Amino acid sequence: MAEQMLQFVKWSQKRPTKRSAAERRRDFREIYEGFRSDAAREQASRCSQCGIPYCTVHCPLGNIIPEWLRLATEGRLQEAYALSSQTNSFPEICGRICPQDRLCEGNCVIQPGFKSVTIGAVERYITETAFEEGWVQPRTPRHEIGQSIGIVGSGPAGLACAERLRAAGYEVHVYERQEKPGGLLMYGIPGFKLDKSVVERRWKLLEAQGIIFHLGQAIGHGEGAIALETLRQQHDAVFLATGVYRARQVKAPGVGLANVVEALPYLKASQSDEATTESLTARGERVVVLGGGDTAMDCMRTAIRQGAADVVCAYRRDRDNMPGSRQEVLNAEEEGARFEWMLTPEAFLGDGQVEAVRLREMRLGAADETGRRAVEPTEQVRDLKADMVICALGFEAEPLPTLWAEPDLAVTSWGTLAVGERGYETSLPGVFAGGDIVRGASLVVWAIRDGRGAADAIMKHLSACSVSEEPSVGECA
C-alpha cells in the first residue's frame with residue numbers, strides 16, 4: 001500500500017503528548033505519553049520511503065526503519081514488531097531514551113531536525129502494543145548446545161549479549177554487583193526518561209528465557225567476590241560488559257568541600273529509598289551542574305524535581321557544541337533549568353561546605369578534525385553562588401587489571417579494555433569485551449550493538465574450537 005506513505009505533504013510532524021512542565025516538575029514519572037494508534041499510524045505514514053534510508057544508515061543497530069514504519073502504517077503491527085526486534089534487542093528502551101535527534105531522526109531527509117518522522121515514538125508504540133498483545137515472548141532455544149557463557153555486567157551490552165547467546169542454546173550466567181540488573185538503565189537514567197518497570201519487565205522476560213542472574217555478585221579478589229580466573233574455568237567463554245562508572249575528576253582547589261558531589265552517586269541516591277536520598281537531596285539548594293552531556297541534563301532535571309531553589313548548568317562550550325541531546329536541553333529549560341555557556345570550573349569556594357564555584361570564561365577556537373571547535377581560556381573569571389555542585393563531566397574506565405589482579409588483561413591508553421582484530425576478544429583467550437568498557441562512555445544503542453556483535457563473535461569462537469581437534473595455543477579458552 002505504497003499510496004499510504006509519503007504523507008509528509010499532508011500531515012505535519014507531531015510528537016507524543018508531553019506533560020506540562022509544571023506537572024512533571026512534581027514527580028519522576030515519564031514525561032511523554034505513548035502514541036495512540038491513529039497518531040502513530042499518521043506519523044509513520046510521513047516516511048518518504050527514500051531510496052537510501054539515511055535513518056537506517058545512521059542507526060548503530062542498522063534498524064530497518066522504513067520497512068517497519070510502512071508496516072505500522074498498514075496496521076500490521078505484529079509484523080512491524082517482528083522486524084524491529086530482529087535488529088534491536090530492546091526496542092522499548094531505545095524508543096524512549098535513544099537520542100534520535102542525533103541519529104535516525106536527525107538524518108531523516110524530510111526537513112531534518114525536529115520536523116522529521118517521529119521514529120522513536122513510533123518504535124515505542126509498536127513495542128508497547130506488542131507487549132500488550134502478548135506478542136513479546138522469551139526466545140527460548142530449540143535445543144541446548146551444552147556450553148556455558150559467563151557475562152560480567154548487566155547493562156545493555158551484557159543483556160543484549162546474554163539474550164542472543166541464550167536464544168542460540170547456550171547456558172548463560174550474568175554476574176552483576178548491584179541488587180538489580182540493568183546497569184545505568186536501572187541506576188543512572190532517571191524515571192522521567194525511563195520508568196524502571198520497563199527495565200524490570202525485560203529482566204523478567206530474560207529470566208523466563210533461561211538466563212541465570214547472579215545479583216549482588218562482585219568480580220575480583222575482595223570478600224565474597226569471584227575471581228575472573230574462576231569464571232574462565234567455570235565457563236567456555238566470558239564476556240566483560242562492566243561499563244564505565246568512575247567519574248572524570250575535576251582538578252580544582254576546593255573539590256573536596258562538602259556538597260561537591262559526583263553525578264552517578266547523586267542520580268543513584270535519587271532513585272533509592274527516602275533515607276538514602278536525604279543525604280544527597282537538592283531540596284532548597286542553589287545547584288550548579290558542571291557538564292553538557294545527557295547526564296548533566298539528568299542531574300539538573302532531578303534537582304528540579306527534588307525542589308531545588310535554583311538550578312544552573314555551567315558548560316565550557318556554547319549550545320551548538322554541547323554533546324547532550326537537543327531535546328533533553330529543551331526539556332530541562334522548560335522545567336526551569338538555566339544555562340551558562342562558555343565557562344569551565346577553576347575552584348570551589350567555601351569554608352567546609354561549598355558556597356560558590358569560580359568559573360573561567362572561555363572562547364571558541366579552531367575546529368578539530370571532527371568539526372567540533374576547541375575552547376580556549378580567557379582572562380575573565382566569575383563566581384556562581386552554590387549550595388550544591390554536581391560534577392557531570394563524564395566517566396572513565398575503572399582499572400580492571402589492578403582491581404581484578406589480572407595484569408595480562410590489556411588496556412588502551414584511555415584505560416578501556418583493548419580488543420584485537422579478531423572481533424571482541426581481549427588479550428585473555430576466550431575472554432571478550434564490549435560496550436562502554438571498550439569504546440568509552442557512549443550511547444545505549446551502541447552498547448546493544450556491541451552486545452549482539454560480541455555474542456556472534458563468541459559463537460564463532462566456540463564453533464571453531466569445537467571443530468578443531470588440535471587448536472593452536474591461545475585459540476580456545
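**Salt bridges and exposure, one step at a time**

Me: Why does E23 count as partly exposed?
Reply: In this predicted model, E23 has 28% relative accessibility. Buried means under 20% and exposed means over 50%, so at 28% E23 lands in between and counts as partly exposed.

Me: What makes E23 and R29 a salt bridge?
Reply: Their side chains meet at 3.2 Å, N to O. The cut-off is within 4 Å, so this pair makes the list. R29 is partly exposed as well, with a relative accessible area of 43%.

Me: How do you know that E105 is buried?
Reply: Buried needs under 20%, and E105 sits at 3% relative accessibility, so E105 is buried.

Me: And what is R15, the partner of E105, buried or partly exposed?
Reply: R15 has a relative accessible area of 29%, so it's partly exposed. The closest N and O atoms of E105 and R15 are 2.9 Å apart, which is within 4 Å, so this is a salt bridge.

Me: Which parts does that pair tie together?
Reply: E105 is in the loop between α6 and α7, while R15 is in the segment before α1, so the pair ties together parts 90 residues apart in sequence.

Me: Why is E396 with R248 called a salt bridge?
Reply: N to O comes to 3.7 Å, and the limit is 4 Å, so the pair qualifies. E396 lies in strand β14 and R248 in the loop between β5 and β6, so parts 148 residues apart in sequence are tied together.

Me: How many salt bridges are there by this rule?
Reply: The count comes to 41.

Methods
Residues are numbered from 1 along each chain as its sequence is written. This is a predicted model: local features need pLDDT of at least 70, side-chain atom pairs count only at pLDDT 80 or more; totals for chains, interfaces and linings use all residues. Side-chain values use heavy atoms; hydrogens and water are left out. Helices (H or I, at least four residues) and strands (E, at least two) are DSSP runs, numbered from the N terminus. Buried means under 20% relative accessible area, exposed over 50%, partly exposed in between (1.4 Å probe, protein chains only).
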